[in-house]
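Biologist: I'm new to reading structures, and I'd like a close look at one part of this one. Could you take me through the salt bridges slowly, and then show me how they sit in the rest of the chain?

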Amino acid sequence: MNPGITKAGNYIKEKYNSMSPQTKVRARNIIILIVLFLLFRKRLVGAVRKMFHRDINKLDVNNTNLTYERSEYFSMCSSLESAMHGTGTDEDLIFSIMMRIRTQDDWNFLQKCFGVREKDGGTFYSDMTGDLKAWLADELDSGEMEEVRDILISQGVSY
């Protein structure tokens, strides 16, 4: 075995043996918590995300009030994802899709179709998981977000 690892192990063992019984219990509990967190990290993070994300499946949609066929909404979602995926953002594509939204039901159904997706942050930014509004907020600056809101408001849709 590597002599450096053996030396480090012996040092940790000596430190542990010199601890009081109370400190040993605390150290053991901390190690157990860290191991449990590492094992169940995805579940814990998912549970926290659910607490902070609104449930888009609860959005009301009157299907008779939709402007397009269902497949068209899924196509718009794919286009929105590609406009916001990777480096750079295709703001013009986002704006053109938002201009196609005619009713509140269109907007709600688009959000439902988009669902909650995981977004790769790339090399310099962290990954995120979120709904359409979270993706838009992550990709667009405040002026562009205001433009999206204005486009929707001009169609009588509340963001």
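Modeller: Here is a walk through the salt bridges, followed by a look at their surroundings. Keep in mind that this is a predicted model, and every value below is computed from it.

Let's start with the basic idea. Side chains of opposite charge can pair when their charged atoms come close. In this structure there are 4 salt bridges, and I'll pick out some of them.

Go to Lys119 to begin. Its side chain meets that of Asp138 in a salt bridge, with 2.4 Å from N to O. What parts of the chain does this pair link? Asp138 belongs to helix 7 (residues 132-139) and Lys119 to strand 1 (residues 117-119), so the pair links distant parts of the chain, 19 residues apart. Lys119 also forms a salt bridge with the side chain of Glu139, again listed at 2.4 Å from N to O. Here too the pair links distant parts of the chain: Glu139 is in helix 7 and Lys119 in strand 1, 20 residues apart. Put the pieces side by side and you get a network of salt bridges that links Lys119, Asp138 and Glu139.

Now for the surroundings of that network. Is Lys119 buried or exposed? Lys119 counts as buried because its relative accessibility is 4%, and buried means under 20%. Glu139 is buried as well. Asp138 is partly exposed, since its relative accessible area is 45%.

Next, move to another pair. The side chains of Arg100 and Glu72 meet in a salt bridge, at 2.6 Å from N to O. Arg100 sits in the loop between helix 5 and helix 6 (104-114), while Glu72 is in helix 4 (residues 70-84), so this salt bridge ties together parts that are 28 residues apart in sequence. Arg100 has 27% relative accessibility, which makes it partly exposed. Glu72 is partly exposed too, with 26%.

Let's zoom out to see what these pairs are set in. The protein has 8 helices and 2 strands. If you read along the sequence, the pattern goes α-α-α-α-α-α-β-β-α-α. The radius of gyration is 24 Å, well over the 15 Å that the globule rule gives for 159 residues, so the protein is more spread out than a compact globule. You can see that in the C-alpha trace, which spans about 70 × 30 × 30 Å along its principal axes. Of the 159 residues, 27% are buried, and Lys119 and Glu139 are among the buried ones.

There is also some charge on the surface to look at. Asp90, Asp92, Glu146, Glu147 and Asp150 gather there in a patch of negative charge. Which helix gives the largest share of the negative patch? That is helix 8 (residues 142-154), with 3 residues. Asp92, another member of the patch, has its place in helix 5 (residues 91-99). Asp92 counts as exposed because its relative accessibility is 60%, and the cut-off for exposed is over 50%.

For a contrast in chemistry, turn to the nonpolar surface patch. This patch covers about 1100 Å², and its members are Ile30, Ile31, Ile32, Leu33, Ile34, Val35, Leu36, Phe37, Leu38, Leu39, Phe40 and Leu44. Helix 2 (residues 21-39) gives the most to it, with 10 residues. Leu38 is found in helix 2, and it is partly exposed, with a relative accessible area of 49%. Lys24 lies in helix 2 as well. With 24% relative accessibility, Lys24 counts as partly exposed. The C-alpha atoms of Lys24 and Lys13 are separated by 12 Å, and the two residues are 11 apart along the chain.

One last stop is Asp105, which has its place in helix 6. Asp105 is buried, with a relative accessible area of 12%. Its C-alpha atom is separated by 6.4 Å from that of Asn65, although the two residues are 40 apart along the chain.

To go back to your request, here is the picture to keep. Lys119 in strand 1 is joined to Asp138 in helix 7 and to Glu139 in helix 7, making up a network of salt bridges. Away from that network, the salt bridge of Arg100 and Glu72 ties the loop between helix 5 and helix 6 to helix 4.

Technical notes. Residues are numbered from 1 along each chain as its sequence is written. This is a predicted model: local features need pLDDT of at least 70, side-chain atom pairs count only at pLDDT 80 or more; totals for chains, interfaces and linings use all residues. Side-chain values use heavy atoms; hydrogens and water are left out. Patches are made of residues with over 30% relative accessible area and no salt bridge: like charges are joined within 9 Å, nonpolar side chains (Val, Leu, Ile, Met, Phe, Trp, Tyr) within 5 Å. Accessible areas come from the Shrake-Rupley method with a 1.4 Å probe; for residues, only the protein chains shown count as cover. Lys and Arg count as positive and Asp and Glu as negative; His and the chain ends are not counted. The place of a charge is taken as NZ of Lys, CZ of Arg, CG of Asp or CD of Glu. Helices (H or I, at least four residues) and strands (E, at least two) are DSSP runs, numbered from the N terminus. Buried means under 20% relative accessible area, exposed over 50%, partly exposed in between (1.4 Å probe, protein chains only). The radius of gyration is taken over C-alpha atoms; the globule rule is 2.2 Å times the number of residues to the power 0.38.
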